Protein chains: 4
Amino acid sequence: MIKVTIFNEFRHEKQKESIRAIYPDGIHGAIKAGIEDEEILVRTVTLDDPECGLTQEVLDDTDVLLWWGHMAHHEVPDEVAQRVRDAVHSGMGAIFLHSGHHSKPFRLLMGTPCNLTWREDGDYELVWVVNPAHPIAQGIGRFIKLEEVETYGEPFSIPEPDELVFIGSYEGGEVFRSGCCWQRGNGRVFYFQPGHETYPIYHQPEIVKVIKNAIHWAKPTYRAIIECPHVKKPLAE
Amino acid sequence: MIKVTIFNEFRHEKQKESIRAIYPDGIHGAIKAGIEDEEILVRTVTLDDPECGLTQEVLDDTDVLLWWGHMAHHEVPDEVAQRVRDAVHSGMGAIFLHSGHHSKPFRLLMGTPCNLTWREDGDYELVWVVNPAHPIAQGIGRFIKLEEVETYGEPFSIPEPDELVFIGSYEGGEVFRSGCCWQRGNGRVFYFQPGHETYPIYHQPEIVKVIKNAIHWAKPTYRAIIECPHVKKPLAE
Amino acid sequence: MIKVTIFNEFRHEKQKESIRAIYPDGIHGAIKAGIEDEEILVRTVTLDDPECGLTQEVLDDTDVLLWWGHMAHHEVPDEVAQRVRDAVHSGMGAIFLHSGHHSKPFRLLMGTPCNLTWREDGDYELVWVVNPAHPIAQGIGRFIKLEEVETYGEPFSIPEPDELVFIGSYEGGEVFRSGCCWQRGNGRVFYFQPGHETYPIYHQPEIVKVIKNAIHWAKPTYRAIIECPHVKKPLAE
Amino acid sequence: MIKVTIFNEFRHEKQKESIRAIYPDGIHGAIKAGIEDEEILVRTVTLDDPECGLTQEVLDDTDVLLWWGHMAHHEVPDEVAQRVRDAVHSGMGAIFLHSGHHSKPFRLLMGTPCNLTWREDGDYELVWVVNPAHPIAQGIGRFIKLEEVETYGEPFSIPEPDELVFIGSYEGGEVFRSGCCWQRGNGRVFYFQPGHETYPIYHQPEIVKVIKNAIHWAKPTYRAIIECPHVKKPLAE
């Protein structure tokens, strides 16, 4: 059983009728409904929970954390963001969705601005599989078509990904590294670009499939706090 | 002074009037005219020269080799391809253009099939800068627009690039890692996708600029044959 | 069930009494005895089998190939080496052991000379875990001590590994990237340095553990021949 | 002319006679004396300067920053550390020396703990060249011998380096990735392990040579603040 925690900012859905119509149970609710099965157990937390719902206890009990945030990144306390970063270092997997590129924990883990170019014109997007043998791309064809999306464009100021899985192209011609993998400490990090709040993207089966694949890929191999020990000579031990 | 050798297959230009109209002096002639300046000295060789013009003597006198081939990859003798590979190992830079993805030396250097998907519909292409700080991207804006190209699509079966500089998008929606860097032995390799023979792409100033930047990037830092020596204990030396 | 094929050159063991004393059933026999369990099914082949035992049929029926060779790399026919390379491209995993760094298929997959420095003084070696969260390092402590080994030293002329798992140090002071991962086409490749024929290294439990871990890591995710198809416009499909 | 700023904590030298004897002008003074030439112009700043001497004005006027700190990392104000990180993002090069692995800006740039194992037994170290063609390794032989050092050991919890240039081995048998390169935003980062305060390491010519090479490698290619602009459709521009 993989224990997944979904963090959702959960503001857009409360503030705007049109978004609530797409995600009546919140983005977290839609993702939970999509991914939960006999191998994946899901807990959800939101920005307005005490400590964003991300206490040390919750993180210690989480194999893979999903993160969706957008308009209120700054309201996540620094100490919560650092706790998430440290949990990844200790082996927890983390999947950052869409506008999560600007979330505090993602930026802390990347060490770069994570900026990009953007526009909202309802372009279609084609999300292309670059590495068909990657575990995260299994069960997906050559590309996923998304009917309407927010457009993200390069340059995306991230460290060179350890593995690049998807590249998106947009109706207007932009490209974006839309599926990227990194290791940070003992934990694995996946960024996945699709998911603007004004479109029903998390209801699309291929998107759910990618997220499930990513959860399996990101689950911990080795969980331990990384320390900086004073040691003896190896052969004297 | 950087000594550049351009290898061009030089068959399309001889066989087809429409192509000869674009490249009356051959693709090699057009590239040479574009890149030659007070820092870059150019020699050209073609498939029909003895040993493809790529004798050991020529390679030893080459800092950076440019390669354009398409319809006659199989006519390059294996021993010439291996000699080029070995020269890269010894420090020579190499830039493979467009359909050079399927050339023998590029495949030998990559260790992968270097396959892709393709179609010829005269799409426009936007070649996007992914890494604006990379030496090869200097002087280029956000993207290069090419009016008509052959379309290449992912998956491009190459090793994960050491550095990804450009990603192209096409009118029909494909994406392609169109500017990729690798080190192989002591030498540097750059692959650059634009350049189909039926379009005047090598006359376009931004394309010439990228090739010149790549020549400066790929020039040897250290030139030495890599051996496998029997050694003594380091502190006994 | 993971289907493993062990290729062993099997010459040293036949020619030299002292080596036969360590590996009475051949190096392949010792490794087979070590790794076989309810999840791993092992077949062994040797250089003197017809086609080295590596027919297309055998490779198609192999999930992960282990390779040990040393004195007779040149006797492996080029077409067998290319068949192994192509099987990796199509998704088969491959683990190259010790002097397999100079085998034909490893060099074809790397695209580099794969040279190193070497000496035989019976040094001890410490094989250090660099990435404790990597699947291949699970169950290993900080390092593995090998009492007596052949010494390999840097520079090891390989492409920058996708993931570096182990670095070895030797009594005389050399270092060597002794556990390295790459993807090539759809397949995964692991190089593991320990294993000289004159020492009982493949009888050591931690070495067996690493090889078993690597088999699990390298087993195919996606098995398909990589082609270069002519395609239609994506949205016209 | 490359403008270099050396930041030195400058506490050990003031507090301990034995260290002052080695570095009477401070570690910064010794490095400055070693590297300054007709191409490299050096300014030095220390922890006790206002804002650590690292005002925005100074960083804007710096091509490459060198950083040495150890006992007082926590006294560097967060806002100074963030300013350094942001300057790297905007294209400034940065070289972190020895115990600078734990400095605030290095950790911010890496996104990992940057922990390691350590002991102080006056071991000798051999710093091996792993990539002889790398610009930072030019003019260095197979290895650098350091007579007495502090021992650092793996695992070193850093992101997989973009390029690994040096690996150190120690008398007691440890290994350490002692020369590592990354790009972060538009800037280049090099970590170089040698340099404990109790040994005259920065007086050793090969160490000075490596630092000078690294300065040339890290100097900015492209200097610009990375923003996150709202854009128009590319072909509408």
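Begin in chain A by selecting A:Phe7, A:Trp67, A:Phe96, A:Phe106, A:Tyr152, A:Phe156, A:Phe176, A:Trp182 and A:Tyr191, which ring pairs link into a cluster. Please keep in mind throughout that the model is predicted.

**The sheet of chain A**

Next, display the strands of chain A. Nine of them form an open sheet with mixed pairing, in the order 2-1-3-4-9-8-7-5-6. Which strands stand at the edges? They are strand 2 (40-46) and strand 6 (143-153) of chain A, each of which pairs on one side only. From one strand to the next, the twist averages 25°.

Stay with strand 6 of chain A and add strand 5 (residues 117-129) of chain A. The two run antiparallel and are joined by eight bridges. To view one bridge pair, select A:Asp123, whose partner in strand 6 of chain A is A:Val149.

Now select A:Lys145 and A:Tyr124. The charged end of A:Lys145 sits over the ring of A:Tyr124, 4.9 Å from the ring's centre. Chain B offers a counterpart to inspect: B:Lys145 lies over the face of B:Tyr124, at 4.9 Å from the ring centre.

**Helices across the sheet**

Return to chain A and select helix 5 (residues 78-89) of chain A. This helix lies across strand 3 (64-68), strand 4 (93-97), strand 8 (175-184) and strand 9 (187-192) of chain A. Its direction is at about 120° to strand 9 of chain A.

Then select helix 7 (residues 205-218) of chain A. The strands that helix 7 of chain A lies across include strand 1 (2-8), strand 2 and strand 7 (163-170) of chain A. Helix 7 of chain A runs at about 165° to strand 9 of chain A.

**An aromatic pair in chain C**

Over all chains, the structure holds 53 aromatic pairs. One of them is formed by C:Phe106 and C:Tyr191, a tilted pair with 5.6 Å centre to centre and 35° between the planes. The pair links distant parts of the chain: C:Phe106 belongs to helix 6 (residues 104-110) of chain C and C:Tyr191 to strand 9 (residues 187-192) of chain C, 85 residues apart. Are these rings buried or exposed? C:Phe106 counts as buried because its relative accessibility is 0%, and C:Tyr191 is buried with a relative accessible area of 0%.

**Chains A and D**

Finally, show chains A and D together. A turn of 180° and a shift of 0.0 Å along the axis lay chain D on chain A with an RMSD of 0.0 Å. That is the relation of a two-fold axis. To locate the rotation axis, select D:Gly111, which comes closest to it among the residues of chain D, at 2.5 Å (C-alpha). The copies meet through the same surface, because 100% of the interface residues of chain D are also interface residues in chain A.

Terms used. Residues are numbered from 1 along each chain as its sequence is written. Chains are lettered from A and ligands numbered from 1 in the order in which they are written. This is a predicted model: local features need pLDDT of at least 70, side-chain atom pairs count only at pLDDT 80 or more; totals for chains, interfaces and linings use all residues. Side-chain values use heavy atoms; hydrogens and water are left out. Rings of Phe, Tyr and Trp (its six-membered ring) pair if their centres lie within 6.5 Å; planes under 30 degrees apart count as stacked, over 60 as edge-to-face and the rest as tilted. Helices (H or I, at least four residues) and strands (E, at least two) are DSSP runs, numbered from the N terminus. Buried means under 20% relative accessible area, exposed over 50%, partly exposed in between (1.4 Å probe, protein chains only). A charge sits over a ring if NZ of Lys or CZ of Arg is within 6 Å of the ring centre and within 35 degrees of the ring normal. Two strands pair if DSSP finds at least two bridges between them. Axes are lines fitted to C-alpha atoms, for helices over the stretch in contact, and angles run from 0 to 180 degrees between N-to-C directions. Contact means heavy atoms within 4.5 Å. Copies are superposed by least squares on the C-alpha atoms of residues with pLDDT of at least 70 in both.
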